[in-house]
Amino acid sequence: MGEKKWLLFFSETQSRRPIVIRQILCNKRTVSNLYWGMQYHILDWLNVEPTLDEKKFDLQINKLIKNKYLLATPKGLVLTAEGIFQKKEYLDNTYVISKPYIFQYINEKRWLELLPLLIQVISELSYHNKKYYVVNSPLRAQFALKKWLSLVKDRSELPQVLKQKLLTFLGEFPHEYGNIFMALFTGHANIGQTAEQITVLIPQFSKEEILLLWRDLSMQFAFFLLKEDGLFRQLIAPFSNLSQLSKSTEISYQLFKENLTANKIATQRNLKISTIKEHLLESAILRNDFSYSKIITHDDYSILMNTFKGNPIDWEYRQLDNKIEFFKFRLFQIERSKNIG
Amino acid sequence: MDSSQLKNFLKHYYGYSDFKRGQSEIIENLLEGKSTLGILPTGTGKSLCYQLTGKILKKTVIVISPLLSLMHDQIEQLKYAGEKKVIALTSELSFVDKQMILANISDYSFIYLSPEMLKNDLVEKKLAMLSIGLLVVDEAHCISQWGPDFRPDYLRIKKFRHLLHNPLTLALTATATNNVAQDIQHNLFSNDEKKFVVRRSVDRPNIFLGVHETISNYEKNTYLIDIVKKLKSPGIIYFSSKKQANKISELLKAETSLRIAPYHAALSSRDRYMTQHQFMENQLDIICATSAFGMGINKKDVRFVIHYHLPSDLESYVQEIGRAGRNGERSLAILLYTKADINLQEQLSINSLPDDFDIENFQPKGTVANVSDKENVLQYYFEQGIPTSEIKQIFLKRRQEKYNKLMYLLEYIETPSCKRKFLLQYFDEEMQTKHGVDCCQLKGEPINIDYFKCEKEKKEQIINQVSDYEDILDIFFKTL
Ligand SMILES: [Zn+2]
């Protein structure tokens, strides 16, 4: 059953290359991956499977082809009628991460190390208990929590606040999700259960689904805390990056917003111009506030609009006869794709 | 310090009113400034010896320990007992964390070190600046090149100790034959130092020793299902593979109404925590484990330890069954075996050592993180500049040793006389008690399982649904 989840990333009309899907899932941010990820409308899934095993993924895709759920075309793979049916059935019967885009904003690993510790420590705090076995957690999580706690002036309020936040947050989901989610945590006089144990009690959920739910809800809870004001925001802030862009790209993009040209940015940052152009393309793809007209001039637009009609995905650069550089062509393609998108 | 003062400290810090045998001798030795080798079987509170000494001396204690899981368990227990100034310096740490810890190293009262850290110059330098009250070498038998658990990094300890100006030292091990004990002293202390040994018998008279031979795995499983239904829990069943631990855990869950979970290195650290603590809180009846389980667990009421596969030698067997009956109540150790298991264990033992082919084709590498695998052992010998032919001889000898140890284990199984007597002889000890019905099963006799039966006490109710999250939140967070 494991391989069927990849059907979610394929379309019945658009051929898609599995390698792009895999690279998006494990957050390999080349401009080409991001561009195709945008065309496939799967950019929300960036970084959802950071430890995806390449070989296993390829084997699973081959199995989907062998089972005739996917059909090979020159431009990639497309869902067959049976594939469409299987995809729907999978969606109807399986837990699927509902807010995948959050995995771009929050450092999943760091947060999932910290959350069980946070809940246990505050739970024991509410009982004034210092004698307990701390849940397995890396030192960096313990340091992060200690540092945050030292900022809290009145710790006695924490249990009530955290409890209320969890109640409000979990109230937004089917009740059973909340039950599964909380069963995975350890608190005062209450040891959590393993996914294996929960699946015995709630057989509708497989072990894999329980772990997906745990990741999904944990990440959404982080996002929920981050959007609110106050203490908990400060806990998560060090593990969050709301800009969506990688660090270096973010710097280039800020300079671009300050009206520096690509050339100037390159000089100032002592980077190659080609690198800066990649940064700008990445920004154009991932952000919705990119001002294309700072790069594409009025005249460029006339040429581009006269040359290209129809779906941007089908345009080819050679149609321009070198009248405009590839960088501008790609930007125009991104802009127009987004308008359709 | 006299013994009543010492007891006051014990009461004050740990709430116990009496020491276990061996503990006070060791602590008294240390307080008199005598470096000591303590040979105490598992379950006799080895770590209390250095924890209490550290608290009395009010100086930094460094503990070198080879197993991360053991180290974490001990730190957990120290923290549980209210000691918060504890830290572990291991290769698991990120560079940044390591820097941060080292910058504040003098804040810690207990510093655990994994042996590969001894190769780190900065760690050495920082530690050498501290005023060390006590250096502890846990699992000290790892220093013996002829022992099954030899760790080359342990041979660096002597130099490290010298660097720290030969502080007061406590070497601890659960089992050591006389040869191994001598090896430890030789590799740790200098010749002109006076050495003291405190040895406590490996014998645990409240554990009944039994062996059950079957002709096939099918029969073995049938017998296992039959006895775990009758035996009083909690219990541990040991396996030599993760796969089998999972498989039999499933089988027993299907065939009994007991609460059972597997435990091995392939579980996530979250699952390992849950499983271990559920077991400690009696929310599980049986753990199906590999030897990764139980190093540091401090559960007093384990009623039985069953070995589904053969252990590698009598040393590990004694350690593993030692997890039963720590509260002194009558407990049971059964070794299950079929003739085919001998081959399996032989393969496991022999595969863990490099053979001539491995040695001839060995490519020395730089420093490698995991010290336990055979490449690293080889790396050590190559670094010493020992000729290949000699290395081959060394490992030939070690394979022979392993094989001999397995043969001793088989002799234990086959011995027509008292098993306890055999075991004790192996560890150069005399049996103090006489064989009787409470001692062991003699070959050919059946094990009287009824003797260890569960007195139909009321069982804790088995959880059959996941709690409502609102209830959990009410329990987790006590609010007014
Ligand atoms: Zn006997």
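**Entry 1: ground rules and the loop at P234(B)**

I take helices (H or I, at least four residues) and strands (E, at least two) as DSSP runs, numbered from the N terminus. I am working on a predicted model, in which local features need pLDDT of at least 70 and side-chain atom pairs count only at pLDDT 80 or more, whereas totals for chains, interfaces and linings use all residues, and side-chain values use heavy atoms, with hydrogens and water left out. Residues are numbered from 1 along each chain as its sequence is written, while chains are lettered from A and ligands numbered from 1 in the order in which they are written.

I looked up P234(B) and found this proline in the loop between helix 9 (217-230) and strand 9 (235-238) of chain B. The peptide bond that leads from S233(B) into P234(B) is cis, with omega near 0°.

**Entry 2: positive phi in chain A**

I noted that most residues other than glycine have a negative phi, and most peptide bonds are trans. N27(A), which is not a glycine, has a positive phi near 65°, and its place is the loop between helix 1 (18-25) and helix 2 (31-39) of chain A. A189(A), also no glycine, has a positive phi of about 50° and sits in the loop between helix 8 (175-183) and helix 9 (195-201) of chain A.

For accessibility I use buried for under 20% relative accessible area, exposed for over 50%, and partly exposed in between (1.4 Å probe, protein chains only). N27(A) is at 25% relative accessibility and therefore counts as partly exposed, whereas A189(A), at 71%, counts as exposed.

**Entry 3: the zinc ion**

Which atoms of the protein are the donors of the zinc ion? I find C418(B) (SG), H435(B) (ND1), C439(B) (SG) and C440(B) (SG), lying 2.1 to 2.4 Å from the ion. Donors here are N, O and S atoms within 2.8 Å of the metal (3.2 Å for Na, K and Ca), and water is not among the atoms, so sites may look incomplete.

The 4 donor atoms subtend angles of 101 to 117° around the zinc ion, and the arrangement is therefore tetrahedral, a term that asks of four donors that all angles lie between 85 and 135 degrees. Along the chain, the donors follow the spacing C-x16-H-x3-C-C. C418(B) lies in the loop between helix 16 (388-414) and helix 17 (419-426) of chain B, and C440(B) in the loop between helix 17 and helix 18 (469-476), so the pair ties together parts that are 22 residues apart in sequence. C418(B) counts as buried because its relative accessibility is 8%, and C440(B) counts as buried at 3%.

**Entry 4: cavities**

I worked on a 1 Å grid over the protein atoms alone, where a cavity is a set of points where a 1.4 Å probe fits but cannot get out, a pocket is an open set with protein on both sides within 12 Å along at least five of seven lines, and lining residues have an atom within 4 Å of a point. Grid points are joined across faces, edges and corners, and a volume is the space filled by probe spheres set on the points.

The structure holds 6 cavities of 30 Å³ or more, and the largest has a volume of about 120 Å³. Its lining includes K5(A), F9(A), W45(A), E49(A), Y90(A) and Y95(A), and the lining residues divide into 10 nonpolar, no polar and 2 charged. In this count Ala, Val, Leu, Ile, Met, Phe, Trp, Tyr, Cys and Pro are nonpolar, Asp, Glu, Lys and Arg are charged, and the others, Gly among them, are polar.

The second largest cavity holds about 100 Å³ of space, and R204(B), G322(B) and R420(B) are among its lining residues. Helix 17 of chain B gives the most to this lining, with 3 residues, and the whole lining divides into 7 nonpolar, 1 polar and 3 charged residues.

**Entry 5: the second largest pocket and helix 11 of chain B**

The second largest pocket has a volume of about 1,100 Å³ and is lined by 50 residues, of which Y133(A), Y16(B), Q77(B), Y80(B) and N298(B) lie nearest its centre. Helix 11 of chain B is one of the helices that each supply at least two residues of the lining.

H277(B) lies in that helix, residues 269-280, and counts as buried because its relative accessibility is 5%. Leaving out residues up to four places away in sequence, H277(B) touches Y133(A), I191(A) and E76(B), where contact means heavy atoms within 4.5 Å. D271(B), also found in helix 11 of chain B, touches T194(A) and A195(A), with the sequence neighbours up to four places away again not counted.

How values were computed
Four donors count as tetrahedral if all angles lie between 85 and 135 degrees; four count as square planar and six as octahedral if opposite donors are over 155 degrees apart and all others between 65 and 115; anything else is irregular.
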